[in-house]
Structure formats: C-alpha cells, structure tokens
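These are my notebook entries on one chain, written while I went through its fold and a few of its side chains.

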Amino acid sequence: MGELYTEFAYDDAFRTMTVKCDDLLLPFLNYTFGEHYDKTAMVIKEANEHLIDRGIEVNERRITDGLVQVSMDGVVKKYHTECESSSDDGTILIRLFEYDAQIALEDRAYNNYRLKVRFPNTAVLFLRSRRSTPEEMYVDIETPGGGCSYPVKVVKLNEINIDALFDKHLYFLLPFYLFTRESELPLMERNPDKVDELLKEYDVILSRLTEAVENNFLSAFSRGVIIKLIKEVNEKLTNKYKNVNERVGEYMGGKVLDIDIIKAHDEGVAEGEARGEARGEVRGEAKGDISAIKNLMKNAEKTFEQACELLGINKEKQNIYKNQI
C-alpha cells in the first residue's frame, strides 16, 4: 500500500496539501474564513509540532494538521486548521483550544509587565459529521477581568457536492471525496456496477482537474499531488472492502506517476538549496527546480516540457532553465 496507508492517513494528506500546495490551500481558506486571497498572497508555513505544557517533567507533544500565516496587502493573519475523520464527540473543541492556547503563547509579546497573546483563526474539517454538527463552534473564556469568546469555523465535507467543489475551487477537499459515498461502500462491495459508477465519477473529476490546470486555476504539480492523495486516502478508507479496494486502487494506480512527484520535487529543492549554500548563494530555488526536472526526466522518462508541467513550473522559468539542462 502507499506511504499514507497508516492510522493517520487522512491527517497526513491534509498536512501534505497545506505544506506543499498554496494553490489548494488559499481557496480553502477563502471558503472557510470568508477571505479573498488571490495569487499575490504569500503563505508562510509555521512549525506544526508543539509541546503542551502540563506542568510535569515531560510535556505532551502535539502536531497540528495545518498552521500557516498568510500575508496580502500588508495584512498578516494566522490560521490553524485541523482535519477530523470521526464525527464530533465533544472533545475536538477541547483539543483545538489546547493547540490554540499553545500557538498563542509561542507568539506572545511581553512589555512593561503586560503579556499579550493572539489566538489564530481556527477551523476544523469534518470528514464525517452528524445532523447535529453545528456550522460554527465557540470557545468562551471567563477571566477575573471579564469574558471573551472566539469562533471555530466548521467545514462539513458531506454538505459540499462535486460541482460546488469545482465551482469554488475547493480542490483541497478532493482527496477526501470518497467519504461522501462512504455509506454506499457495503453495496459497492456486493455490486460491481456500483463500483463502475464510482469510477465514472472519478473520470469526471480527473477531467475537470485537467481543465483547471489548463485554465490556470491549478498547477500541474498540485494536480499530481491530488491524484496521489486520492489513491492513498481511498486505500485507507476501503481497506475493509476487498473488491472496492482492488478496483479503485487499480484505477487510481494507473493515474499516478511511477515516481513520486512530491519526493522528486523535495529532493530537487533540497539539492538545489545545498548547492546554493555551498557556493554562498542566497537562494537555491532555481537549482532545486532544475534538479527536480532532471529527476523526472531520468527516473520517470519525461520530456523537459512534461517534467516542468508536472512540477508547475511556468513558461518564463522554463525558458531560463532549458539552457541549463
């Protein structure tokens, strides 16, 4: 099975897109928080590992699914997002507050005997939800100096249909699409025709993803990441349904590159940065791109143009890199 076939497969998929694909993340933040970020927005990824101080010798290590800062037009905001695969049992809000409080403390300011903390904008994506799951949750805080509260935005996957996902550019949610059909998996296991219907839906999804790339709503690299994560998430979700698992896995396996484009991209960037540092250069981005292109050309037998498309490298950079390959 794929590398995300673990207990934390869904969290890992969510985290991968948050860290690797700004063009997936920004529309998701726009939808969730009512923002209007465009391609000029700058996304700064923050450390997602935090130590929860419980006043004991060994603090508890927690990893958030997504923690970023976004800057546009001189305004900087911090966003904390979590992916939840179980319907809310009342504990998610407690965990979110723990994370938020620690994030606020890590970004504290202290001046003239006054401590200032700023809580992030927070949201949770429920892959499964109940009718009773609210549109928004709240943390109310009472202090000796008065009370305050802040909202936690809620996104319920099962309330967003496939047309809305594309109309609102919510490509970020596509790896989890099968959750919207989860209740039908037992029937699919018994009826191959129902699996055929599902695969036709994925035909449409992949076709619309290609259109999104052609219309510059999405990079080819992010399209490749989505397809890889669809495969990985589906393997985990269907692991109790042998027939569905095999059919869907075989179908998606034929759509994924033999070489992992995420790994190829990261190895290229790391190599480029290392070379840049060794030569005293400020940035290794160009060398990272070139190394990633060479990796795909050699190991995946792609042409220069195909490699650039898969990595989301624009025409201007292609013209610069072509003479260096």
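**Tyrosine 251 and its surroundings**

I began with tyrosine 251, which I found in helix α8; I was working throughout with a predicted model. Is this tyrosine buried or exposed? I put tyrosine 251 among the buried residues because its relative accessible area is 15%, and the cut-off for burial is under 20%. I then listed what tyrosine 251 contacts once the neighbours within four places in sequence are set aside, and the list reads Leu199, Tyr202, Asp203 and Leu206. The partner I looked at more carefully was aspartate 203, whose side chain makes a polar contact of 2.5 Å with the side chain of tyrosine 251. The two residues are 48 apart along the chain, and I noted 9.8 Å between their C-alpha atoms.

**Helix α6**

I next turned to helix α6, which covers residues 192-214 and has 23 residues. From first C-alpha to last, α6 reaches 33 Å, close to the 33 Å expected at 1.5 Å a residue. Which residues of α6 are buried? I wrote down Val195, Leu198, Leu199, Tyr202, Ile205, Leu206, Leu209, Ala212 and Val213. As a reminder to myself, residues three or four places apart in an α-helix point the same way, because there are 3.6 residues a turn. The buried residues of α6 pack against four helices, namely α4 (162-167), α5 (185-190), α7 (220-237) and α8 (242-253).

I also checked both ends of α6. At its start, a side-chain oxygen of asparagine 191 comes to within 3.0 Å of the backbone nitrogen of aspartate 193, while just after the helix asparagine 216 has a positive phi of about 65 degrees.

**Asparagine 234**

From α6 I followed Tyr202 to asparagine 234, which is placed in helix α7. The side chains of asparagine 234 and tyrosine 202 are joined by a polar contact of 3.2 Å. I entered asparagine 234 as buried because its relative accessibility is 2%. Not counting residues up to four places away in sequence, asparagine 234 touches Pro175, Leu178, Tyr202 and Val248.

**The sheet**

I then traced an open sheet of six strands, whose order I recorded as β1-β4-β5-β8-β10-β9, with mixed pairing. Its edge strands are β1 (42-45) and β9 (136-143), each pairing on one side only. Neighbouring strands of this sheet are turned against each other by 25 degrees on average, with direction ignored. Within the sheet I looked at β5 (residues 75-84) and β8 (residues 121-126), which pair in the parallel sense over six bridges; cysteine 83 has leucine 125 in β8 as its bridge partner.

Which strands does helix α1 lie across? I found that α1 (residues 9-20) lies across β1, β4 (66-72), β5 and β8, and runs at about 160 degrees to β5. Helix α3 (residues 92-106) also packs on the sheet, where it touches β4, β5, β8, β9 and β10 (146-156), and its direction makes about 145 degrees with that of β5.

**Whole chain**

To close, I noted the totals for the protein chain, which has 12 helices and 10 strands. Of its 325 residues, 45% count as buried. Among contacts between residues at least 6 apart in sequence, 62% join residues at least 24 apart. The chain exposes about 17800 Å², of which carbon and sulfur atoms supply 47%.

How values were computed
Residues are numbered from 1 along each chain as its sequence is written. This is a predicted model: local features need pLDDT of at least 70, side-chain atom pairs count only at pLDDT 80 or more; totals for chains, interfaces and linings use all residues. Side-chain values use heavy atoms; hydrogens and water are left out. Helices (H or I, at least four residues) and strands (E, at least two) are DSSP runs, numbered from the N terminus. The expected span of a helix is 1.5 Å times one less than its number of residues. Buried means under 20% relative accessible area, exposed over 50%, partly exposed in between (1.4 Å probe, protein chains only). Contact means heavy atoms within 4.5 Å. A polar contact is a pair of N or O atoms within 3.5 Å; within protein, one must be able to donate a hydrogen and the other to accept it, and residues adjacent in sequence count only if both atoms are side-chain atoms. Two strands pair if DSSP finds at least two bridges between them. Axes are lines fitted to C-alpha atoms, for helices over the stretch in contact, and angles run from 0 to 180 degrees between N-to-C directions. Accessible areas come from the Shrake-Rupley method with a 1.4 Å probe; for residues, only the protein chains shown count as cover.
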